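I opened this notebook to record a few features looked up in one structure. The entries cover strand pairing, backbone angles and aromatic rings.

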Amino acid sequence: EEEKLVIAVTSEHLKHSRITLTFPVLNHAREVIFMVTGEEKAPIIKQIIQDHVKFPAAQVCPVNGKRTFYLDRGAAQQITLSQPFIHDGDAIVIAK
């Protein structure tokens, strides 16, 4: 969605409805924070941060802001970074 600021989403899989901010809103934020836990999320986190696969979360890239990932060890276990806390302009914080 490129025109509306907020949209309603219904998930048949999760059996619930919600509202969500759209990419234009998120990409004009001063800061966007992703908080991710659990080793089951590790493959997707690696694909978003290192492989640049275009999952919806990968399309959140603030124009004049910053994007920060707060990860627990499980979610971060597949990431290999030469500089562990900054990668392609994103802050990566891994909980101890």
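I counted two strands as paired if DSSP finds at least two bridges between them. The model I examined is predicted.

Entry on the hairpin. I looked up the pairing of strand S1 (residues 6–11) with strand S2 (residues 16–21) and found six bridges joining them. The two strands run antiparallel. Within this pairing, I noted that Thr10 stands opposite Ser17 in S2. S1 and S2 form a hairpin, and four residues lie between them. In the turn I recorded Lys15, whose phi is positive at about 60°.

Entry on His52. I then checked another positive phi: His52 is a residue other than glycine, and its phi is near 60°. I placed His52 in the loop between helix H2 (42–49) and S4. Is His52 buried, exposed or partly exposed? His52 has a relative accessible area of 43%, so I entered it as partly exposed, the class between 20% and 50%.

Entry on aromatic rings. I described a pair of rings by the distance of the centres and the angle of the planes. How many aromatic pairs does the count give? I obtained one aromatic pair. Its members are Phe34 and Phe69, with 5.1 Å from centre to centre and 15° between the planes. I recorded the pair as stacked because planes under 30 degrees apart count as such. Phe34 belongs to strand S3 (residues 31–36) and Phe69 to strand S4 (residues 66–71). The two residues are 35 residues apart, and the pair links distant parts of the chain. I noted finally that both Phe34 and Phe69 are buried.

Technical notes
Residues are numbered from 1 along each chain as its sequence is written. This is a predicted model: local features need pLDDT of at least 70, side-chain atom pairs count only at pLDDT 80 or more; totals for chains, interfaces and linings use all residues. Side-chain values use heavy atoms; hydrogens and water are left out. Rings of Phe, Tyr and Trp (its six-membered ring) pair if their centres lie within 6.5 Å; planes under 30 degrees apart count as stacked, over 60 as edge-to-face and the rest as tilted. Buried means under 20% relative accessible area, exposed over 50%, partly exposed in between (1.4 Å probe, protein chains only).
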